[in-house]
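This report asks for a careful look at a protein chain. Please examine the sequence and the structure shown below before reading on.

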Amino acid sequence: MGRYFLAERLKNRHTSAEKLMILMPMITVFLAAWLGREYFVINSYNWWYMILFPGMLALIGASVGNRDKRMDARAIRVLPVEMGAVWDGKVLYGILCVGIALTVFLCMTLIVRMGFGQNPGQVFRIDPSAGEQIFAVVVLFVTSLWQVPFCLFMQQIAGTFLMILIHMGSYILLSAELSLHSFFMALPGGITSRLMCIILKILPNGLVAEPGSMTFTQELLDQNGLPIGIAASVIWFLIFWQLSRRWFMGRIDRQK
């Protein structure tokens, strides 16, 4: 599997995928810093996991998936390789992109927050510690992995435009609505924003998770949601990975 992952890295060198995982988190952090220091942390995280991060993953999925699809997979059909491992290489490369983007986002947020903190009069509406932010980003990583095989699969069967439309539309809807209910783990799109309520005290609508805020209920801060949400995310990731892998293998076999 390792050599297929390395092959994907080589294929995607100097492409939009490499640029997106660096530029998107930087743009998010700078935009949040520019629009308001008091709400910097809230805006930075909320805009990231609600819109810009899933949008970045959709674009990376389109970039990675298009390389072989443009040639109708002719470049890999003639090779004596296991097609399932080829798909695994694409998924693993997508996971690498997730990790790099989140690392850039975390580092930039901490650096900008430290810079703002040099002002003695600066007050933040929410001010999580570095440890809390690191934990939040680790949870973001785990709960976002399902998007990699999902976006790759949808790009293959629906094309880039429809994949982005379906993924972003369903994700924003589920994050804003499903995450507010006790059955938030029923679909993967509702998990991340629910767990950010628990860790960072930020509601999906960008408000502080406290009494008086629109859509707030005490249930949203229940710590029991953390292990449930993390476990559900891992299960969803494995389901999407295995189903998309089998579909890809069957598709290539039918074309031979």
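The text that follows treats salt bridges, one helix and the internal cavities.

The model is predicted. It holds three salt bridges, which are set out in the table.

| Salt bridge | N to O distance | Residues apart in sequence |
|---|---|---|
| D88 and R245 | 2.9 Å | 157 residues |
| R113 and D127 | 2.7 Å | 14 residues |
| E210 and R125 | 2.7 Å | 85 residues |

The pair D88 and R245 links distant parts of the chain, with D88 in helix α5 and R245 in helix α10. D88 is buried, because its relative accessible area of 3% falls under 20%. R245 is likewise buried, at 16%.

R113 belongs to helix α5, whereas D127 sits in the loop between α5 and α6. D127 is partly exposed, with a relative accessible area of 41%. R125 also lies in the loop between α5 and α6, and its partner E210 lies in the loop between α9 and α10. E210 is partly exposed at 29%, and R125 is partly exposed at 34%.

Helix α2 covers residues 16–35. At 1.5 Å a residue, its 20 residues should span 28 Å, and the end C-alpha atoms are 27 Å apart, which agrees. Its buried residues include L20, M21, M24 and T28.

Where is empty space left inside the protein? Two cavities of 30 Å³ or more are counted, and the largest has a volume of about 60 Å³. Helices α3, α5 and α7 each supply at least two residues of the lining of this largest cavity, and α3 gives the largest share, four residues. The lining comprises five nonpolar residues, two polar and one charged; among the lining residues are L57, K90 and V148.

Notes. Residues numbered from 1 in each chain as written. Predicted model: local features only at pLDDT ≥ 70, side-chain atom pairs only at ≥ 80, totals over all residues. Heavy atoms only, no water. 1 Å grid on protein atoms, 1.4 Å probe; cavity = no way out; pocket = protein on both sides within 12 Å on 5 of 7 lines; lining within 4 Å. Points joined across faces, edges and corners; volume = space filled by probe spheres on them. Nonpolar A, V, L, I, M, F, W, Y, C, P; charged D, E, K, R; others polar. Expected span 1.5 Å × (residues − 1). Buried < 20%, exposed > 50% of the residue type's maximum accessible area, 1.4 Å probe, protein only. Salt bridge = Lys/Arg side-chain N within 4 Å of Asp/Glu carboxyl O.
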